[in-house]
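Please look at the sequence and the 3D view below before reading on. The report that follows goes through the fold step by step, from the pairing of strands to the contacts of single side chains.

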Amino acid sequence: MRKIVLGLEEVKAKIIKLKGTSVEMNINRGRKKIDTINGVIKDVYPSVFTVSVESERQNIQTFSYFDVLCGNVIIL
């Protein structure tokens, strides 16, 4: 059966609703490398969104909505 997925506009709307909240994300970095990060969705832009990662070093990572749409980034 075909998996029902969200469209790009639905992904954007979901991330806009999560702005400012703490999220856990699984990120597929390729070659069987999957990272799990905890952070806060900091800013939302037309093409990308930024996540402030909660770690000993406060850093910011940027992801595109297409990463979420393709499954490379999964927001738990």
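## The first two strands

Strand 1 (residues 22–30) and strand 2 (residues 33–44) pair with each other in the antiparallel sense, and eight bridges hold this pairing along the two strands. This description, like the others in the report, rests on a predicted model. Within the pairing, Asn-28 stands opposite Ile-34 of strand 2, while Met-25 has Ile-37 as its bridge partner in strand 2. The two strands form a hairpin with two residues between them, and in the turn Arg-31 has a positive phi of about 50°.

Strands of a sheet pair through backbone hydrogen bonds, and the pairing can be either parallel or antiparallel.

## The whole sheet

In what order do the strands of the open sheet lie? There are five of them, in the order 4-3-2-1-5, and their pairing is antiparallel. The edges are formed by strand 4 (59–64) and strand 5 (73–75), each of which pairs on one side only. Direction ignored, neighbouring strands of this sheet are turned by 40° against each other on average.

Moving through the sheet, one finds five bridges between strand 2 and strand 3, which run antiparallel, and here Gly-39 stands opposite Val-53 of strand 3. A hairpin with three residues joins strand 2 to strand 3. Strand 3 is in turn joined to strand 4 by six bridges, again with the two strands running antiparallel, and Val-51 has Gln-61 in strand 4 as its bridge partner. On the other side of the order, three bridges join strand 1 to strand 5, which also run antiparallel, and Ile-27 has Val-73 in strand 5 as its bridge partner.

## A helix across the strands

Helix 1 (residues 8–18) lies across strand 1, strand 2, strand 3 and strand 5, and the helix runs at about 75° to strand 2.

## Strand 3 and its buried residues

Is strand 3 enclosed or open to the surroundings? Five of its six residues are buried, so strand 3 is largely enclosed by the rest of the structure. Two residues of this strand can be followed in detail, beginning with Thr-50, which lies in strand 3 and is buried, with a relative accessible area of 9%. Leaving aside residues up to four places away in sequence, Thr-50 touches Val-40, Ile-41, Lys-42, Asp-43, Tyr-45, Ile-60, Gln-61 and Thr-62.

Ser-52 has its place in strand 3 (residues 48–53) as well, and Ser-52 is buried with a relative accessible area of 8%. With residues up to four places away in sequence not counted, the contacts of Ser-52 are Asn-38, Gly-39, Val-40, Lys-42, Gln-58, Asn-59 and Ile-60.

## The nonpolar core and its rings

In soluble globular proteins, nonpolar side chains tend to be buried together. In this model the largest nonpolar core has 15 residues, and those with the most contacts inside it are Ile-15, Met-25, Phe-49 and Phe-63. The elements that give two or more residues to this core are helix 1, strand 1, strand 2, strand 3, helix 2 (65–70) and strand 5. Phe-49 touches, among others, Ile-15, Met-25, Ile-41, Phe-63, Tyr-65 and Val-68, when residues up to four places away in sequence are not counted.

A search of the whole structure finds two aromatic pairs. One of them is formed by Phe-49 and Phe-63 and is tilted, with 5.9 Å centre to centre and 40° between the planes. Because Phe-49 lies in strand 3 and Phe-63 in strand 4, this pair ties together parts that are 14 residues apart in sequence. Both Phe-49 and Phe-63 are buried, and ring pairs link Phe-49, Phe-63 and Tyr-65 into a cluster.

## A salt bridge

How many salt bridges does a search of the whole structure find? The search finds one, in which the side chains of Arg-29 and Asp-35 meet at 2.9 Å, N to O. Arg-29 is partly exposed, with a relative accessible area of 41%, and Asp-35 also counts as partly exposed, at 32% relative accessibility.

Definitions and conventions:
Residues numbered from 1 in each chain as written. Predicted model: local features only at pLDDT ≥ 70, side-chain atom pairs only at ≥ 80, totals over all residues. Heavy atoms only, no water. Helix = DSSP H or I, 4+ residues; strand = E, 2+ residues; numbered from the N terminus. Buried < 20%, exposed > 50% of the residue type's maximum accessible area, 1.4 Å probe, protein only. Contact = heavy atoms within 4.5 Å. Salt bridge = Lys/Arg side-chain N within 4 Å of Asp/Glu carboxyl O. Pairing = 2+ DSSP bridges. Axes fitted to C-alpha atoms, helices over the stretch in contact; angles between N-to-C directions. Core = buried A, V, L, I, M, F, W, Y, C linked by side-chain atoms within 4.5 Å. Phe/Tyr/Trp six-rings, centres within 6.5 Å; stacked < 30°, edge-to-face > 60°.
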